[in-house]
Amino acid sequence: MEYYWICLWSVLGVGLCVPDDEHYTLHMNPLNFDKALEACLPASFLTKVASMEEATKILKVIANMPSTEGTFEFWVGLRKEKLDCVKNDTPLKGFKWTVDSSSDTKLDQWKSLPIPTCTVIHCVFLSGEFNGTEIVNWGFVPSTCKTNRPFICKQRDENMPFMDQCLTPHILEARPLRPDPNNPHKLDLECLSGQLFKLTCSATTLKWKRDDGSAIDGICASCKAGYVRDGSGNCVDNDECRDQPCKGQCVNTEGSYLCKCRDKNGNLQDEGSVSCNELPVATFTPEGSDTYLVQDHTPTPKPTIQEGSLIIFLPDQPTPTSPTDDIEIVDKSGEQAKIFITVLIAVMTLVVLVVVVLATVKCCLRRRSQKLAMNTAEKMAVKRAEASKEKYSLENTNEKEAT
């Protein structure tokens, strides 16, 4: 004769247990999948249902629960990670048991098939209908992991080494975990960013932690802008000034940086401000003589080349406040000569273009003037011809009248 009893974990009864070598507990307090995983620890784990024998035991516990008639839903330890793909041609459809990250099963009982995807995390609950006599239409159903549902825990084997009882951690943005070849009690974790960590299972909590004892929550998650992960996996401020992003002086801030320059009074100003347009000028003597450095805060003139000395402009460099400040002096005479020649050629080209344009305009004006003069002369000749003709006609008329 078989017996069943209520397992009391708090003031409220939370489940039924089967007096067998494998004990199952139904937790009726709804939790999301991740919290259900934690709630089963450390004495048990979110159950596997990898065979018809296991399924029969679990369904028997459900059928003996008070007031369970109708449809039921319980989380079981089956999940598909973000980088895994749904495979509907396999029994577990690409899902894995959370307790050991395995896909071993003799049971292919899906009430609803998962939608094919390789980018979404899905979890599985066991669903069925109890008509008061038997459970029908039962099977696995894929779902979002954030929904609160009752869940089923399975008691761990007390004789099993605690390392084998540690729940395989669920880590986002990480490659599959690998056993440490030099230490069977550790795991090698490689984040997608390339960072490597050693994980150790805690004998008291049966949870994986970093070697320094800190939690692994978000260990591989990307840090927000301006932060990077250190060797311990913590997000710390990234010193952008190491890459010298500014023309002048770089000031690192928490999560960002500022570009500054020094005005003529030696005070820091924002790069690009009016004060930063007055750039310092460094002067030194030719090679072979005693070198000296002169600092001037006058506005930067146009580049010039002088015989016997070299003028060097250092745009956007901070003004040194003491003789120990370093100023980089670079010989730019060749570069300035090239600039001067380029500007000279451009000016000469412009002058030639202006001369050509003026000559063309002058030629056009001259032609127009000549054309106007010719038109005027033609008009005058016509008028004179008409006047002569009128005079001749008048004389002929007078002669006829006289005769």
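Select residues 249-270 to begin with the open sheet, in which 3 strands follow the order S16-S17-S18 with antiparallel pairing. Strands here are DSSP runs (E, at least two residues) and helices likewise (H or I, at least four), numbered from the N terminus; two strands pair if DSSP finds at least two bridges between them. This is a predicted model, in which local features need pLDDT of at least 70, side-chain atom pairs count only at pLDDT 80 or more, and totals for chains, interfaces and linings use all residues. Residues are numbered from 1 along each chain as its sequence is written, and side-chain values use heavy atoms, with hydrogens and water left out.

Strands S16 (249-253) and S18 (268-270) are the edges of the sheet; each has a single partner strand, so one side of each lacks a neighbour in the sheet. From one strand to the next, the twist averages 45°, taken between N-to-C directions of lines fitted to C-alpha atoms, on a scale from 0 to 180 degrees. S16 is joined to S17 (residues 256-262) by 5 bridges, and Val251 stands opposite Leu258 in S17.

Next, select Ser256, which is found in strand S17. At 33% relative accessibility, Ser256 is partly exposed; buried means under 20% relative accessible area, exposed over 50%, and partly exposed in between (1.4 Å probe, protein chains only). Not counting residues up to four places away in sequence, Ser256 touches Asp237 and Glu240, a contact being heavy atoms within 4.5 Å. The C-alpha atoms of Ser256 and Glu240 are separated by 7.2 Å, although the two lie 16 residues apart along the chain.

Move to strand S9 (residues 149-155): 6 of its 7 residues are buried, so S9 is largely enclosed by the rest of the structure. S3 pairs with S9 in the antiparallel sense over 5 bridges, and strand S4 (residues 44-46) is joined to S9, also antiparallel, by 3 bridges. Select Lys154 in S9: this residue is the bridge partner of Tyr24 and of Phe45.

Now display Val49, Ile62, Leu78, Trp97, Leu126 and Phe140, which touch the most other members of the largest nonpolar core, a set of 28 residues. Such a core consists of buried Ala, Val, Leu, Ile, Met, Phe, Trp, Tyr and Cys residues joined through side-chain atoms within 4.5 Å. Helix H2 (52-63) is among the elements that give two or more residues to this core, and H2 gives the most, with 5 residues.

Finally, select residues 339-361, listed by UniProt (unreviewed entry) as "transmembrane region"; such annotations, given in the numbering used here with shortened feature names, may be inferred rather than shown by experiment. The span is 100% helix and 0% strand, and its end C-alpha atoms lie 33 Å apart.
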